[in-house]
Amino acid sequence: MTTPVCTSASNAAAPATQTLPYASFSSYMRARQPVLLRTARSLTGNPSDAEDLLQTALAKTYVAWERIEDHRALDGYVRRALVNTRTSQWRKRKVDEFACDELPEPDPLPAGDDPAEQQALRDAMWRAVMRLPARQRAMVVLRYYEDLSEAQTAEVLGVSVGTVKSAVSRALGKLREDAELGLVRKG
């Protein structure tokens with residue numbers, strides 16, 4: 001008597017059942033949406049555009065859900081849909097460029113408004129501010145850079161309004177006398 005090689009002929013004829021990692025589209029979407037949203041953000045650079053892009057790609061995935069054979073490769077499918085959709089959006093964008101006979105020239109800058117001089121003054125100002133004592137520096141930055149009132153500055157630092165007034169006054173005096181800052185303003 002011979003031993004059969006195949007123990008069950010009916011098992012060989014039946015198709016293998018595929019185990020799906022996600023039971024439904026909604027379970028896939030809930031599980032993978034944060035990761036896919038990060039991908040969409042990297043493609044658009046804008047959170048609201050990224051949400052729109054992901055919604056469009058997920059709608060395309062939903063339509064094709066039954067046709068996708070390997071549900072283990074869903075992330076790749078959705079990422080490809082994200083890239084293709086973004087490329088289509090980019091190609092369809094409206095370009096506001098018009099040919100003209102004359103090139104528009106920018107208005108000339110008034111005297112003293114040279115961008116290089118302004119940048120040099122800003123850099124010298126920040127170096128001078130950084131040379132102030134820490135407490136005075138904090139008060140000057142809060143008062144003039146963050147545009148807080150004297151009362152708000154006092155509240156943030158936990159000191160009285162009078163302390164803010166006197167410390168800012170001393171700091172401004174030091175900034176007026178700063179040698180490097182004086183050279184840049186005169187030059």
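How many helices and how many strands are there in the protein chain? The chain has 9 helices and 0 strands, and from the N terminus on its elements run α-α-α-α-α-α-α-α-α. The model described here is predicted. Of the 187 residues of the protein chain, 24% count as buried.

## Aromatic contacts

A search of the whole structure finds 4 aromatic pairs. One of them joins F25 and Y62 in an edge-to-face arrangement, with 5.2 Å from centre to centre and 65° between the planes. F25 lies in helix α2 (residues 25–44), whereas Y62 lies in helix α3 (residues 47–63), so this pair ties together parts of the chain that are 37 residues apart in sequence. The two partners fall in separate accessibility classes: F25 is buried, because its relative accessible area is 13%, while Y62 is exposed, because its relative accessible area is 54%.

F25 also forms an edge-to-face aromatic pair with W65, for which the centres are 5.5 Å apart and the planes stand at 80°. This pair again links distant parts of the chain, with F25 in helix α2 and W65 in the loop between α3 and α4 (74–92), the two being 40 residues apart. In this case F25 and W65 are both buried. Taken as a group, F25, Y28, Y62 and W65 form one aromatic cluster.

Another contact of an aromatic ring involves a charge: the charged end of R143 sits over the ring of Y144, at 5.5 Å from the centre of that ring.

## Salt bridges

Side chains of opposite charge can pair when their charged atoms come close. In this model the count comes to 5 salt bridges, taking nitrogen to oxygen distances within 4 Å. The table lists three of the pairs, with the distance between the closest N and O atoms in each.

| Salt bridge | Closest N and O atoms |
|---|---|
| R32 and D75 | 2.5 Å |
| D70 and R72 | 3.0 Å |
| R127 and E180 | 2.5 Å |

For the salt bridge of R32 with D75, at 2.5 Å, the partners come from distant parts of the chain, R32 from helix α2 and D75 from helix α4, which are 43 residues apart. Both R32 and D75 are buried; for D75 this follows from a relative accessible area of 18%, which is why the residue falls in the buried class, the limit being under 20%. D75 can also be placed relative to a member of the aromatic cluster, since its C-alpha atom and that of Y28 are separated by 9.5 Å, although the two residues are 47 residues apart along the chain.

The bridge between D70 and R72, with a closest N to O distance of 3.0 Å, has partners that are accessible to unequal degrees: D70 is partly exposed, with a relative accessible area of 31%, and R72 counts as exposed at 67% relative accessibility.

The bridge between R127 and E180, in which the closest N and O atoms are 2.5 Å apart, connects helix α5 with helix α9 (residues 179–186), so that it ties together parts of the chain that are 53 residues apart in sequence. R127 counts as partly exposed at 39% relative accessibility, and E180 likewise counts as partly exposed, at 25%. Salt bridges that share partners join R127, R131, D178 and E180 into one network.

## A surface patch and helix α8

W126, M130 and Y145 form a nonpolar patch on the surface, and together they have about 370 Å² of accessible area. Within this patch, M130 has its place in helix α5 (residues 115–130), the helix that also holds R127 of the salt-bridge network. M130 is exposed, because its relative accessible area is 51% and the exposed class covers values over 50%.

Helix α8 (residues 161–177) has 17 residues and reaches 25 Å from its first C-alpha to its last, a span close to the 24 Å expected at 1.5 Å a residue. Along this helix, V164, A167, V168, A171, G173 and L175 are buried.

Note on methods. Residues numbered from 1 in each chain as written. Predicted model: local features only at pLDDT ≥ 70, side-chain atom pairs only at ≥ 80, totals over all residues. Heavy atoms only, no water. Patch = residues over 30% accessible without salt bridge, like charges linked within 9 Å, V, L, I, M, F, W, Y side chains within 5 Å. Areas by Shrake-Rupley, 256 points an atom, 1.4 Å probe, with all protein chains shown as cover. Salt bridge = Lys/Arg side-chain N within 4 Å of Asp/Glu carboxyl O. Helix = DSSP H or I, 4+ residues; strand = E, 2+ residues; numbered from the N terminus. Buried < 20%, exposed > 50% of the residue type's maximum accessible area, 1.4 Å probe, protein only. Phe/Tyr/Trp six-rings, centres within 6.5 Å; stacked < 30°, edge-to-face > 60°. Lys NZ or Arg CZ within 6 Å of the ring centre and 35° of its normal. Expected span 1.5 Å × (residues − 1).
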